[in-house]
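Colleague: I would like a close look at a single part of this model. Please take it step by step.

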Amino acid sequence: MSTTISTLVRAAAAEGPGAIRPAARLMSILSDEPHRLPEVFQAAAGLEAGDSRRLTLPRLLIGITGAPGSGKSTLTDALIRDYRRRHPDRRLGVVAVDPSSPFTGGAVLGDRVRMMRHATDPMVFVRSMASRGHLGGLALGVKGVIRIMGLIGCDVVFVETVGVGQSEVEVAGVADLVMIVLAPGLGDSIQLLKAGLMEIGDLFVVNKADRPDAARLHGELLAMLRVAREDLSGHHAPVVEDETAGDLAPWLSRRPGTLIEPRTFLVSGGQGQGVKELVDDLEALGSEFSPRWQAQRLDSIEQEVREAVIEEATRRLRDTLQSQRASGGMASEVLSGTVSVDEAATRLLDETVARTRPRG
Ligand SMILES: Nc1nc2c(ncn2[C@@H]2O[C@H](COP(=O)(O)OP(=O)(O)O)[C@@H](O)[C@H]2O)c(=O)[nH]1
Ligand SMILES: [Mg+2]
């Protein structure tokens with residue numbers, strides 16, 4: 001393990017504003033070299049007992065997506081202010097996959113500092129990320145950043161992405177809860193939902209409630225979700241507006257990862273109306289579903305490992321087959337009937353295990 005990483009991890013896990021620079025440095029390292037994450041964890045495991053709790057991910061990961069200009073950054077700011085009032089001793093993080101996002105409060109983890117005004121609150125960490133240029137993809141880059149936010153003790157992390165393109169769907173897979181932000185006056189928001197955002201949403205938020213046309217958009221949203229549900233379940237079921245209830249199966253089948261009923265909100269991030277109710281709901285969902293999200297995170301890691309195994313096994317099998325073919329090969333034995341396909345498969349596996357070594 002490199003001494004740089006262990007020094008950085010030690011400094012990042014410490015209390016106080018001194019954690020900011022080393023945390024930012026670790027995030028940059030992981031963006032460029034995602035495979036170094038285990039080094040970070042080995043270093044974190046070496047910290048004193050009191051700090052090793054920091055090995056965990058943040059308690060709650062909230063994805064926030066929607067069209068540019070719908071007010072995601074403003075709303076995130078408002079959510080953070082409310083959280084900070086509720087839990088003054090807890091750290092929060094924001095990952096803004098949109099360098100133009102203006103966040104008003106929070107220490108900025110990174111170099112794109114100029115975009116952020118007033119880096120004031122030492123308990124709020126903001127990392128802005130370009131949506132391109134991450135080795136292994138944006139989702140992997142975001143995961144690395146979230147890990148470091150866990151390391152520096154962030155309780156809740158918000159991940160803001162612009163709601164267009166494949167990266168949203170990927171980033172949504174990283175979050176426990178996905179919030180879709182709509183706003184009046186931005187063209188056909190409902191159309192955007194139909195074009196693939198609906199499936200990934202847990203909370204549907206109509207923002208800019210201070211504008212006269214917001215209530216109508218909220219009505220359209222409710223109608224659309226109701227239709228979507230009826231399509232799915234074949235029966236009439238109400239869209240839950242403010243509490244968890246009822247039969248989860250139809251929505252689950254639509255978006256396999258999700259555990260909750262879709263819900264809708266009418267808020268104004270700019271003026272604050274409805275923000276308290278939204279945070280109330282996020283808090284309630286957090287305490288109800290947190291254990292299941294932990295299990296989901298393990299499932300998704302298991303899935304990643306399984307995919308890596310299949311990739312590696314396929315590569316090694318191909319090598320074995322190639323070298324066998326040079327020396328006659330067992331395919332001809334199978335063809336002549338002296339060896340069964342099952343026997344050939346077993347022999348191939350055994351031989352592959354015996355002759356190959358992991359890379360590196
Ligand atoms: N009227 C009104 N304007 C808002 C509200 N929230 C954000 N805005 C404005 O909408 C624009 C886009 O906001 P921003 O948070 O940057 O949107 P983002 O691109 O989705 O992150 C800015 O001019 C904000 O001032 C709101 O609640 N009401
Ligand atoms: Mg923004």
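Is Phe158 buried or exposed, going by its relative accessibility?

Modeller: The model is a predicted one, and what follows is computed from it. Phe158 has 1% relative accessibility, so it counts as buried; the cut-off for that word is under 20% relative accessible area. Phe158 also belongs to an aromatic pair, and a search of the whole structure finds 1 such pair. Its other member is Tyr83: the two ring centres are 6.1 Å apart and the planes stand at 70°, so the pair is edge-to-face. That label applies because planes over 60 degrees apart count as edge-to-face. Tyr83 sits in helix H5 (residues 72–86), while Phe158 sits in strand S5 (residues 154–162), so the pair ties together parts that are 75 residues apart in sequence. Tyr83 is buried too, because its relative accessibility is 2%.

Next comes helix H6, which covers residues 138–151. With 14 residues at 1.5 Å a residue, H6 should span 20 Å, and its end C-alpha atoms are indeed 20 Å apart, so the two values agree. Of those 14 residues, 11 are buried, so H6 is largely enclosed by the rest of the structure. Among the buried ones are Leu138, Val142, Val145, Ile146 and Met149, and the glycines Gly141, Gly144 and Gly150 are buried as well. After H6 comes Gly153, with a positive phi near 90°.

For contrast, here is a part on the surface. Leu298, Ile301, Val305 and Val309 form a nonpolar patch there, with about 350 Å² of accessible area together. Val309 is placed in helix H11 (residues 275–326). An α-helix has 3.6 residues a turn, so residues three or four places apart point the same way.

How values were computed
Residues numbered from 1 in each chain as written. Chains lettered and ligands numbered in written order. Predicted model: local features only at pLDDT ≥ 70, side-chain atom pairs only at ≥ 80, totals over all residues. Heavy atoms only, no water. Patch = residues over 30% accessible without salt bridge, like charges linked within 9 Å, V, L, I, M, F, W, Y side chains within 5 Å. Areas by Shrake-Rupley, 256 points an atom, 1.4 Å probe, with all protein chains shown as cover. Salt bridge = Lys/Arg side-chain N within 4 Å of Asp/Glu carboxyl O. Helix = DSSP H or I, 4+ residues; strand = E, 2+ residues; numbered from the N terminus. Expected span 1.5 Å × (residues − 1). Buried < 20%, exposed > 50% of the residue type's maximum accessible area, 1.4 Å probe, protein only. Phe/Tyr/Trp six-rings, centres within 6.5 Å; stacked < 30°, edge-to-face > 60°.
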